[in-house]
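Please read the following points with the sequence and the structure open beside you. They are meant for someone coming to this chain without prior acquaintance.

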Amino acid sequence: MPNKPKPRLSFNTIIFWFALLSALGTLANVFFVVYEVQKKYIVDRAKDFNKAYSEKVASGIDVFIKANMARLSFSASEISKNIDHPSFIQETVSRLEQQDEDFNSTLVANAYGVITQASPETLSIKDKILQDLTPIETKLPTVSDVFSSVAGNLIIFISHPIFSDTGVYQGLIGGTVRLYENNTLQNLVNGYTRKDGAYMFIIDRLGRILYHPDPNLIGSINPDNKAVAAALKGDDEFFSDTENESGLLSSYAISQKNGWRIIVQQPTKMVDQELHLLMEKIALGIMPIAVLGILLIWCVGVLISKPLTQLAQYARSLDTFESYKLIKSVPARFVEIWLIRSALLFSSSKLNEKIQELHRQVGVDALTGLANRRAMQQQIDIWKDECKSFSVISIDIDHFKRVNDTYGHAAGDITLQFLAKILLQNCRAEDLACRAGGEEFILLTPTTSLKVASVIAERLRKTIETTPVGIVGSITISAGIAIWMPDGPSVDNVFELADKLLYEAKQNGRNRVITQSE
Ligand SMILES: Nc1nc2c(ncn2[C@@H]2O[C@H](COP(=O)(O)OP(=O)(O)OP(=O)(O)O)[C@@H](O)[C@H]2O)c(=O)[nH]1
């Protein structure tokens, strides 16, 4: 069956991208919501501010007109009492004109609209008819629309009717105010300067621009301007041009006294600038936390994936003795990893048991690779059949228990493997090195006299004594030697004798070889 190709994505990569994308997604979402909320807040605030600003100017204009109307009203009542004294009327008109900068000219007209007194007298308008007879017809306090004076200045005319004590209409008293003169009105309009890009302009009832920061636009009418159209129609108090191509945020207020519209406009880019600065600050504030969050998720991801990677790696060599210990060393902090590890440990121990069983069946000791007892027995049977004598060198490591206790079982195994290696290095091809069990080894040397076997054993003992085994350091062995001859005692007796001599060597202080006496 063809192998499926190895997947390209590792668990680590998935977790990394998952952490990154979910953090970026959350951030983008937070950003979007904050952006929308802040935008609404900033736009609303700008609209409120602009509205308040325009209302302030409108109410300033109203106060200006009201104050001058009050002055005219007072003078009208004075004149009504002295209607037959032209010099008094002239004096009153001159006083009004000269009192301050507001009226650049004043006049009194009779009930037919004929100007009877005027100031300054140089105007030469006495005996002329008023340009606009509406205040005469209505007999009401009136503020005119803007019109051009005889001298060509844009002016408004504020008038108050004059009634006798008996309520007979006697004419009016009025004054003209120039729009572009150094007067209270001009100061009102110019008095507000803003640093946030907002500017104000004023239109009259007909939409004609009266005041504008761009002097070229004064006097012009632009009905296409959405702000102008909305202000003239009296649409919603607030309206926003944020979506249109001009990108202006507009508010307006209406002067109650003369119907002027005070329009405040602010380029949306100024609002956007504030919004972008705010978003930059928020981004800078959030960024460290976001990076920390990503790192945290990634670390957790690594914490989860690392043991899995290790388990996968160690599982590749389930058949080795080390794999069991390595798998066991992998920390199992999560249930799933604990389950996988347990399953692998179970498999590893089962596999090793099986392998050992197989080794045993084939006559090999699994740890050292030497012959096992079964293989040894088979060899002895062959030599017996051949009537070939052999020496039995029974070897045991001294105080091996201490090695295990001091350096651990793994170090003990390494020591056993070391001894097996030395044995193999120091014997002939026809000799047979066996691990009889535990830390007991047997070297069978065919057709070898006790003397030669004794030399071999002694050489082994010295080599082992002088060769350090890793952290364990140097170890020693004890050995007992006996010989089997075709016509001698049985194999079992010979082995018993070799074991007895080995026991004697231990009793006599260890690290020695005792050979059967000839
Ligand atoms: N590491 C390891 N230890 C083993 C193995 N088989 C047996 N042993 C240990 O070998 C030790 C043998 O100890 P003892 O029989 O008390 O003898 P000793 O400590 O060598 O002392 P003497 O023989 O009297 O010098 C025990 O601790 C066993 O657990 C093995 O395959 N690997």
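1. Residues 282-304 form a span that is 100% helix and 0% strand in this predicted model, and the C-alpha atoms at the two ends of that span lie 33 Å apart. The unreviewed UniProt entry lists residues 282-304 under "transmembrane region", together with residues 14-35.

2. For residues 14-35, the distance between the end C-alpha atoms is 31 Å, and this span, too, is 100% helix and 0% strand.

3. Turning to the ligand, 16 residues surround it, and the closest are Asp 398, Phe 400, Lys 401, Gly 412 and Gly 438. By character, the residues of this shell divide into seven charged, five polar and four nonpolar.

4. Which elements each supply at least two residues of the shell around the ligand? They are strand S12 (390-397), helix H10 (400-407) and helix H11 (409-425), and of the contributions to the shell, that of H11 is the most, with four residues.

5. Strand S13 (residues 432-437) and strand S14 (residues 440-446) run antiparallel and are joined by five bridges; within this pairing, Ala 433 stands opposite Leu 443 in S14.

6. The hairpin of S13 and S14 has two residues between the strands, and in this hairpin Gly 438 takes a positive phi near 50°. A reader may wish to look at Gly 438 in both settings, since Gly 438 is also listed among the closest residues to the ligand.

Definitions and conventions: Residues are numbered from 1 along each chain as its sequence is written. This is a predicted model: local features need pLDDT of at least 70, side-chain atom pairs count only at pLDDT 80 or more; totals for chains, interfaces and linings use all residues. UniProt positions are given in the numbering used here, feature names are shortened, and annotations may be inferred rather than shown by experiment. A residue is near a molecule or strand if its C-beta atom, placed from the backbone, lies within 6 Å of it. Ala, Val, Leu, Ile, Met, Phe, Trp, Tyr, Cys and Pro count as nonpolar, Asp, Glu, Lys and Arg as charged, and the others, Gly among them, as polar. Two strands pair if DSSP finds at least two bridges between them.
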